[in-house]
Amino acid sequence: MKLAGAELRRVALPLVTPFRTSFGVEQDRDVLLVRAVTDAAEGWGECVAAAEPRYSSEYADGAADVLRRFLVPAVAAAGDLDPDTPGAAMAFVKGHRMAKAALELAVLDAWLRARGEPLAAHLGATRDRVPAGVSVGIMGSVAELLDAVGGYLDRGYVRIKLKIEPGWDTEPVAAVRERFGDEVPLQVDANAAYTVADADHLA
């Protein structure tokens with residue numbers, strides 16, 4: 001199987017509800033997709049880099065650039081492809097893990113499709129379902145947060161991750177824990193909004 005071409009596609013997925021974190025409010029998810037076209041099948045991969053380099057040093061436009069200029073040509077020149085080939089072919093590029101992963105996944109998807117093999121079987125999965133958690137954004141009020149968490153639990157999510165920031169932390173977390181009990185796995189994520197000076201408060 002050889003890489004005959006690749007397509008980079010940007011899509012904007014509107015979110016069901018606005019998602020607020022300490023970075024700001026997102027209305028949609030800007031996604032970079034990679035389509036690997038081979039002589040045997042086509043495959044798709046997703047680059048998880050955000051539109052702006054706030055969460056990590058990688059961002060979608062930068063990922064698209066390094067894919068076009070370096071990663072896709074390197075994988076195309078590698079010849080016969082299997083799931084391990086892209087990683088070795090792209091090793092000369094420092095960093096850019098999200099961009100590399102998108103192309104690796106697209107090639108893996110094509111390789112599996114050519115064999116008629118599902119990804120779950122390739123990974124040795126023994127179940128057809130896995131428990132899922134959900135990330136809950138910063139809300140306008142604690143009451144709104146409690147309604148949202150209750151709705152997610154009713155829909156079958158088993159783990160809750162609350163977005164927090166200075167001024168929206170101990171009160172909403174305590175309210176969720178009190179309302180839904182100790183059995184629900186509960187996490188918090190501030191997206192780097194705190195410093196060492198906040199250690200006592202967070203403790």
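**Strand β5 and the surroundings of Leu162**

Helix α6, formed by residues 170-180, lies across strands β5 and β6 and runs at about 165° to β6. This arrangement is taken from a predicted model.

The two strands crossed by the helix belong to an open sheet of three strands, ordered β4-β5-β6 and paired in parallel. The edges of the sheet are formed by β4 (133-136) and β6 (186-189), each of which pairs on one side only. On average, neighbouring strands of this sheet are turned by 20° against each other, direction ignored. Strand β5, comprising residues 159-163, pairs with β6 in the parallel sense, and four bridges were found for this pairing.

Leu162 is located in strand β5. Across the pairing, Leu162 stands opposite Val188, a residue of β6. The relative accessibility of Leu162 is 2%, and the residue therefore counts as buried, the cut-off being under 20%.

When residues up to four places away in sequence are not counted, the contacts of Leu162 include Leu186, Gln187, Val188 and Asp189, and residues 186-189 make up edge strand β6. Leu162 also touches Pro172, Val173 and Val176, whose numbers fall within the 170-180 range of helix α6. A further contact is made with Val136, at the end of the range 133-136 given for β4. Leu145 and Val149 are likewise touched by Leu162. Pro185 is 23 residues apart from Leu162 in sequence, and the C-alpha atoms of Leu162 and Pro185 are 11 Å apart in space.

Methods
Residues numbered from 1 in each chain as written. Predicted model: local features only at pLDDT ≥ 70, side-chain atom pairs only at ≥ 80, totals over all residues. Heavy atoms only, no water. Pairing = 2+ DSSP bridges. Axes fitted to C-alpha atoms, helices over the stretch in contact; angles between N-to-C directions. Contact = heavy atoms within 4.5 Å. Buried < 20%, exposed > 50% of the residue type's maximum accessible area, 1.4 Å probe, protein only.
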